[in-house]
Amino acid sequence: LSDIYYWYRELPDLDPVSFDSPHDYLEAVRFRPLDTSFSYITDRASNDAFFSASQFVGLGLSTAIEGTAMRVTEVYPGSPALEANLSRGDRIVEINGRSVTALFEPGEIGGAFGPSDIGYAVELIVERGGEQFHTAGSKRLVTIPTVSRTQVFQVGSRTVGYVYFRNFVEPSYDALEVAFSDLRQRGVNELVLDLRYNGGGLVGVAQ
């Protein structure tokens, strides 16, 4: 944290040994005005699965925080979240019987969906179009497609390729090769590389 944390200058001087767990320490020192969900703790096996196979155990969605509201930004194909009828733009109101607003107060929003255990059940109250509904799903292994979409647009005399790129992990090498090969064959001479929801990853992939 003191070396590479973005808000390292804001870290309080607390003794890590005085906390019961790494998670408790992180919750105490994270820069709360901006870091409500950016930082997290994971085990080595989960970390390796993500970078080597673009996989994780979860519901298969990503969220963004807007003030004290939680919005769904993505739902991955073939995921429990998709089967639970979640979609981009939904507002999550309640998680396992606790309101999202209440979870902010003790700083529990980062772990709101519970442990990354296969079979762990999550019940949600979701708001869409001003109406609320109940849904649920159980966590399982989810694969994130690193290149989720390629398209070609004809804009006047320009042939513009579009690549939606989700993360910089080992499977990205082959996925990008396929995407760029397809765009080359279709005569693309300009490129839009969409990284809006990309969580980063391996420097080698970026290079």
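This report walks through a predicted protein model, from its overall layout to a few chosen residues.

Some ground rules come before the tour. The model is predicted, so local features need pLDDT of at least 70 and side-chain atom pairs count only at pLDDT 80 or more, while totals for chains, interfaces and linings use all residues. Residues are numbered from 1 along each chain as its sequence is written, and side-chain values use heavy atoms, with hydrogens and water left out.

**The whole chain**

The protein chain has six helices and 11 strands. Helices (H or I, at least four residues) and strands (E, at least two) are DSSP runs, numbered from the N terminus. Along its principal axes, the C-alpha trace spans about 60 × 45 × 30 Å. Of the 207 residues, 33% count as buried; that label means under 20% relative accessible area, while exposed means over 50% and partly exposed lies in between (1.4 Å probe, protein chains only). A contact means heavy atoms within 4.5 Å. Among contacts with a separation of 6 or more, 56% come from residues 24 or more positions apart.

**Cores**

A nonpolar core is a set of buried Ala, Val, Leu, Ile, Met, Phe, Trp, Tyr and Cys residues joined through side-chain atoms within 4.5 Å. The largest one has 18 residues, and I92, I95, F113 and L124 touch the most other members. At least two residues of this core come from each of β3 (69-75), β4 (91-95), α4 (100-104) and β6. There's also a second, separate core of eight residues, including V163, F168, A179 and L183.

**Two residues side by side**

Here's how V126 and S116 compare; the contacts leave aside neighbours within four places in sequence.

| Residue | Place | Relative accessibility | Contacts |
|---|---|---|---|
| V126 | strand β6 (residues 121-128) | 0%, buried | L86, D90, R91, V93, E131, Q132, F133, T135 |
| S116 | loop between α4 and β6 | 48%, partly exposed | V57, K139 |

The C-alpha atoms of V126 and I92 are separated by 4.6 Å, although these residues are 34 residues apart along the chain. For S116 and S46, the sequence gap is 70 residues and the C-alpha to C-alpha distance is 8.7 Å.

**Helix α5**

Does the length of α5 add up, and what should it span? At 1.5 Å a residue, its 14 residues (172-185) should span 20 Å, and the end C-alpha atoms are indeed 20 Å apart. The expected span is 1.5 Å times one less than the number of residues. S172, L176, A179 and L183 are buried in this helix. Seen down the axis, the buried residues fall within an arc of 65°, so they line one face of the helix; the arc is that of the directions from the helix axis to the C-beta atoms. They pack against β9 (147-155), β10 (158-165), β11 (190-194) and α6 (203-206). On the other side, D174, V178, R184 and Q185 are exposed. Just after α5, G187 takes a positive phi of about 75°.

**A cavity**

On a 1 Å grid over the protein atoms alone, a cavity is a set of points where a 1.4 Å probe fits but cannot get out, and lining residues have an atom within 4 Å of a point. Grid points are joined across faces, edges and corners, and a volume is the space filled by probe spheres set on the points. The search finds one cavity of 30 Å³ or more. The largest cavity holds about 40 Å³ of space, and its lining includes L59, P80, L86, V122 and A136. Two or more lining residues come from each of α3 (80-83), β6 and β7 (131-138).

Conventions:
1 Å grid on protein atoms, 1.4 Å probe; cavity = no way out; pocket = protein on both sides within 12 Å on 5 of 7 lines; lining within 4 Å.
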